[in-house]
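Colleague: Please take a close look at one part of this model and describe how it sits in its surroundings.

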Amino acid sequence: MARSALLNVMVQAATKAGRALARDFGEVENLQVSMKGPGDFVTSADHKAEKILHEELARVRPGYGFLLEESGEIEGTDKSHRWIVDPLDGTTNFMHAVPLFAISIGLERDGEIIAGLVFNPVMNELFVAERGSGAYLNDRRIRVAQRRDLSQSIVTTGIPHQGRGSHSAYLKDLAPVMAATAGVRRTGSAALDLAWLAAGRFDGFFEPGLSPWDIAGGMIIVSEAGGFATDYSGRKSPLNAGTIVAGNADIHRSLVDMLAKSQRT
Ligand code: IPD
Ligand code: CA
Ligand code: CA
């Protein structure tokens, strides 16, 4: 696959930040974290990765704005373009030495995502997509799975933890999904949920309470792989909606219908 200049820029930044994250992850695995405990160590790894991504992307595309999870909004002189970046999606996994985490980068042009990247530096899996050019995993074209029935499908989700979200409302959404599917998974990284769905590993995904940086990179990878990613209504972009549901056309539709019913009762 011949990568565009834009994807090259994104891949270069993610490779550099990924190297730093992988090194820090090695420290967590070896339990050589400071006396302050893994929390502080992980926060500093997270900030370090974000700084690299910010510097690298700003250097090659001066003027573009940023929405960075840790540093917030940084306005650019170019008002049409904005990078939306999560330097470490899957922080809790990282802290527990679980190798399921990723860097996520989305590029927005005039309010629409036009390119996305999700990179897991430990598994060395790089997912990219650019509008109209398909989705790729390590330069190999990927497509969403073709399974049509929920009964054969794996659906992934994010479960609100202590201090987050409405647990009882979430359980109402989950109940019909677990009863209808071949299995529910919770990876702990929304970016990987989307990327793995694009690669056909997962068939569906739903989660409430996400932020733009969690999904900006992955949502275009899903759509370029032939899938759909919307809010729970099934009609709007999930980017700023706070809910997301994704899958191939059939699984997406089934999940949208199921979530609509569970919210009415
Ligand atoms: C989290 C992950 C997780 C999702 C959480 C997110 P973070 O991002 O994407 O899968 O369930 O809601 O906040 O905090 O690890 O960057
Ligand atoms: Ca995140
Ligand atoms: Ca994060």
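Modeller: Between domain 1 and domain 2, 10 residue pairs are in polar contact, both partners at pLDDT 80 or more; such a contact is a pair of N or O atoms within 3.5 Å, one able to donate a hydrogen and the other to accept it, with residues adjacent in sequence counting only if both atoms are side-chain atoms. On the side of domain 1 that touches domain 2, the elements giving two or more residues are β3 (78–89), β4, β5, β6 and β7 (135–137), strands being DSSP runs of E of at least two residues, numbered from the N terminus. β5 gives the most to that side, with seven residues, and is the part I would examine.

This is a predicted model, in which local features need pLDDT of at least 70 and side-chain atom pairs 80 or more, whereas totals for chains, interfaces and linings use all residues. Residues are numbered from 1 along each chain as its sequence is written, and side-chain values use heavy atoms, without hydrogens or water.

Strand β5 (residues 112–120) is largely enclosed by the rest of the structure, because eight of its nine residues are buried, that is, under 20% relative accessible area with a 1.4 Å probe, protein chains only. β5 runs antiparallel to β4 (residues 102–109), to which seven bridges join it, and Ile103 stands opposite Phe119. The β4–β5 hairpin has two residues between its strands, Asp110 in the turn having a positive phi of about 45°. Six bridges join β5 to β6 (residues 125–130), also antiparallel, with Ala115 opposite Glu130. In that hairpin, four residues separate the strands, and Asn124 takes a positive phi near 55°.

Notes: Chains are lettered from A and ligands numbered from 1 in the order in which they are written. Buried means under 20% relative accessible area, exposed over 50%, partly exposed in between (1.4 Å probe, protein chains only). Two strands pair if DSSP finds at least two bridges between them.
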